[in-house]
Amino acid sequence: MSSSPARLVREFHRAFGLDARTTPTEVDPRLAAHRGELLAEEAAEVAEVAVEGPLDRLAHELADVVYVAYGTALVHGIDLDEVIAEIHRANMSKLGPDGTVARRADGKVLKGEHYRAPDVSAVLRRQGWIPGGAA
Ligand SMILES: [Mg+2]
């Protein structure tokens, strides 16, 4: 059985009667703000332990960020796995066809000439999103 974050978080939302949508949807601004606050809290907890640790606490807070991010996607009806796949595709296109990687002096990977930016809008439209929010 898959233990993908999407599946686990869906189980959690069902068990506790939390919002869960299957089509990308703009939600009530209060709900959207609440989800943003939850995620900001968890991100702040990562920042607290990012340098000093301990490592188990960092792992815990990183998992909380991912869990809440998946929950927020579910509340908005976004299939986040598909969005992540699109981000990954774009990131991998930074690699040239000959395997070369352009780097800045500080080591940051640069976008080469074969780079194709992620098209998250297209991913959401494939999931049924209607930009502009015809409900
Ligand atoms: Mg936490």
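What follows is a chat about the domains, metal site and a few residues of this predicted model.

Me: Hi! How is the chain divided?
Reply: Into two parts: domain 1 covers 1–78 and domain 2 covers 80–128. Keep in mind that the model is predicted.

Me: And how far apart are the C-alpha centres of the two domains?
Reply: The centres of domain 1 and domain 2 are 24 Å apart. Where they touch, domain 1 contributes 8 residues and domain 2 contributes 7 residues.

Me: What area is buried between them?
Reply: About 610 Å², with carbon and sulfur atoms giving 65% of that.

Me: Which residues in domain 1 lose the most area to domain 2?
Reply: Pro24, Tyr70 and Ile78, which together account for 72% of what the domain 1 side buries.

Me: How many salt bridges are there between the domains?
Reply: The count is 0. There are, however, 2 residue pairs in polar contact across the interface, both at pLDDT 80 or more.

Me: Which helix gives the most to the domain 1 side?
Reply: That's helix α3, residues 55–75, with 3 residues on the side touching domain 2. By class, this side of domain 1 has 6 nonpolar and 2 polar residues, and no charged ones.

Me: Sticking with the interface for a second, where is Leu80?
Reply: Leu80 sits in helix α4, which spans residues 80–92. Beyond its neighbours within four places in sequence, Leu80 is in contact with Ala69, Tyr70 and Ala73. Tyr70 is also one of the residues in domain 1 that lose the most area to domain 2.

Me: How far is Leu80 from Leu62 in space?
Reply: They are 17 Å apart, C-alpha to C-alpha, with a separation of 18 residues in sequence.

Me: OK, new topic. What coordinates the magnesium ion?
Reply: Four carboxylate side chains appear in the list: Glu42 (OE), Glu45 (OE), Glu61 (OE) and Asp64 (OD), at 2.1 to 2.2 Å.

Me: How are those donor residues spaced in sequence?
Reply: The pattern reads E-x2-E-x15-E-x2-D.

Me: Which helix holds Glu42 and Glu45?
Reply: Both are in helix α2, residues 29–49. The two glutamates are 3 residues apart there, about one turn of the helix.

Me: Last one: which residues does the cis peptide bond join?
Reply: Gly53 and Pro54, with omega at about 0°. As for its location, Pro54 belongs to the loop between α2 and α3.

Definitions and conventions. Residues numbered from 1 in each chain as written. Predicted model: local features only at pLDDT ≥ 70, side-chain atom pairs only at ≥ 80, totals over all residues. Heavy atoms only, no water. Domains from an automatic or database assignment. Contact = heavy atoms within 4.5 Å. Buried area = accessible area lost by both parts, 1.4 Å probe. Salt bridge = Lys/Arg side-chain N within 4 Å of Asp/Glu carboxyl O. Polar contact = N/O pair within 3.5 Å; in protein donor to acceptor, adjacent residues only side chain to side chain. Helix = DSSP H or I, 4+ residues; strand = E, 2+ residues; numbered from the N terminus. Nonpolar A, V, L, I, M, F, W, Y, C, P; charged D, E, K, R; others polar. Donors = N, O, S within 2.8 Å, 3.2 Å for Na, K, Ca; no water.
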